[in-house]
Structures are given as structure tokens and as C-alpha cells.
Amino acid sequence: MSDVLTRLTSVLAARRQADPETSYVARLHRDGLNKILEKLGEECTETLLAAKDAERSGDTRALVAETADLWFHSLVMLAHLGENADAVLAELARRFGVSGLDEKASRNH
């Protein structure tokens, strides 16, 4: 699974340097963090709505598609700020074996 993230990270890095007239990713970077966050917020809302629809209908196809859009835009945001999927995967790996409640409590100090 992380191979897909590795490949996507490489593609996002390459497209950041592309022509904003022909690359959506380059255009997002050119337009700046606020535009990236706006798109991320839109995708988050669409994911939430798709989850509600999936709960009612039992059909998760739109939920999966919206989650892919959410992850994609999250990766663009991370790249814009000098991070990537590896940092997130490392943080998730660090949390293995730690109670979710304990991990959350440790952030409150």
C-alpha cells in the first residue's frame, strides 16, 4: 500500500514544478496555502456527506472516491509545507502499541 503513496509523492513533487496552466497540482501550489486549504476543506465536507450517504445506502463507492480526493489534497498540503506521506506513516507507526486514549491524553500536556 505504501508503494502507491511513494509513487504519488514523487508525482506530486514533479508536478509542483510543472506549468500551472497544464498541471492542477502546480496551480494549487502557485495559488498558495489558502487555496490548498480551501480545497482540503471542500474535500473533507464531501467525504463527510458521502459517509452519511453510505450509511443510509450501504454503497461506499462515493465514500472511497471522496476519501481518495481528501488524501490527495492532504498530500498536496503536506508537500506545500515541506512534508510528505512518509512523515505521516512514521507518526502512525510510532502510535502502534499506544492506547488511543493515552496518546490523546499525552497531547494535552
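# Notebook: a six-helix chain

I began with one ion pair: Glu-21 and Arg-30 form a salt bridge, and their closest N and O atoms are 3.4 Å apart. The model I am reading is predicted, and every value in these entries is computed from it.

**Entry 1. The first pair and its surroundings**

I looked up how open the two partners are. Glu-21 is exposed, at a relative accessible area of 58%. Arg-30 is partly exposed, at 46%. I noted that Glu-21 counts as exposed because its 58% is over the 50% cut-off. Then I checked for further partners and found that Glu-21, Arg-30 and Asp-31 are linked in a network of salt bridges.

**Entry 2. The whole chain**

I stepped back to the overall layout. The protein chain has six helices and zero strands. Along the sequence I read the pattern α-α-α-α-α-α. The C-alpha trace spans about 45 × 35 × 30 Å along its principal axes.

How many of the residues count as buried? I found that 20% of the 109 residues do. I also looked at how far contacts reach along the chain. Taking contacts between residues at least 6 apart in sequence, 51% join residues at least 24 apart.

**Entry 3. Other salt bridges**

How many salt bridges does the structure hold? I noted eleven, and I looked at two more of them in detail.

One of these is in helix H3, which covers residues 33-57. Asp-53 forms a salt bridge with Arg-56, with the closest N and O atoms 2.6 Å apart. Asp-53 and Arg-56 are three residues apart within H3, about one turn of the helix. Asp-53 is partly exposed at 41% relative accessibility, whereas Arg-56 is exposed at 62%.

Another is in helix H5, residues 85-95. Here the side chains of Glu-91 and Arg-95 meet at 2.9 Å, N to O. Glu-91 and Arg-95 are four residues apart, which I again noted as about one turn of the helix. Glu-91 is partly exposed at 28%, and Arg-95 is partly exposed at 30%.

**Entry 4. A charged residue without a salt bridge**

I turned to Glu-66, which lies in helix H4, residues 61-80. Is Glu-66 buried or exposed? I found Glu-66 buried, yet with no salt bridge. The nearest side chain of opposite charge is Lys-39, at 8.5 Å. Glu-66 has no salt bridge with Lys-39 because 8.5 Å lies outside the 4 Å limit.

I then listed what Glu-66 does touch. Leaving out neighbours within four places in sequence, Glu-66 is in contact with Glu-43, Glu-46, Thr-47 and Ala-50.

**Entry 5. Helices H1 and H2**

Two packed helices are described by the angle between their axes and the distance between the axes. I looked up both for H1, residues 2-16, and H2, residues 24-31. Their axes come within 8 Å and cross at roughly 65°. The crossing of H1 and H2 is right-handed.

Which residues make the contact? From H1, I wrote down Leu-12, Arg-15 and Arg-16. From H2, I wrote down Val-25, Ala-26 and His-29. By class, the contact of H1 with H2 has three nonpolar, one polar and two charged residues.

**Entry 6. His-29**

I followed His-29 out of that contact. His-29 has its place in helix H2. At 10% relative accessibility, His-29 counts as buried, because that value is under the 20% cut-off.

His-29 and Arg-16 are 13 residues apart in sequence, and their C-alpha atoms are 6.6 Å apart in space. Not counting residues up to four places away in sequence, His-29 touches Arg-16, Ile-36, Val-76, Ala-79 and His-80.

**Entry 7. Leu-5**

Last, I looked at Leu-5, which is in helix H1. What is Leu-5 in contact with, leaving aside its neighbours within four places in sequence? I noted Leu-75, Ala-85 and Leu-89.

I also took a distance from Leu-5 to Leu-40. These two residues are 35 apart along the chain, and their C-alpha atoms are separated by 18 Å.

Key:
Residues are numbered from 1 along each chain as its sequence is written. This is a predicted model: local features need pLDDT of at least 70, side-chain atom pairs count only at pLDDT 80 or more; totals for chains, interfaces and linings use all residues. Side-chain values use heavy atoms; hydrogens and water are left out. Helices (H or I, at least four residues) and strands (E, at least two) are DSSP runs, numbered from the N terminus. Buried means under 20% relative accessible area, exposed over 50%, partly exposed in between (1.4 Å probe, protein chains only). Lys and Arg count as positive and Asp and Glu as negative; His and the chain ends are not counted. Contact means heavy atoms within 4.5 Å. Axes are lines fitted to C-alpha atoms, for helices over the stretch in contact, and angles run from 0 to 180 degrees between N-to-C directions. A crossing is left-handed if the near helix is turned anticlockwise from the far one by less than a right angle, and right-handed if clockwise. Ala, Val, Leu, Ile, Met, Phe, Trp, Tyr, Cys and Pro count as nonpolar, Asp, Glu, Lys and Arg as charged, and the others, Gly among them, as polar.
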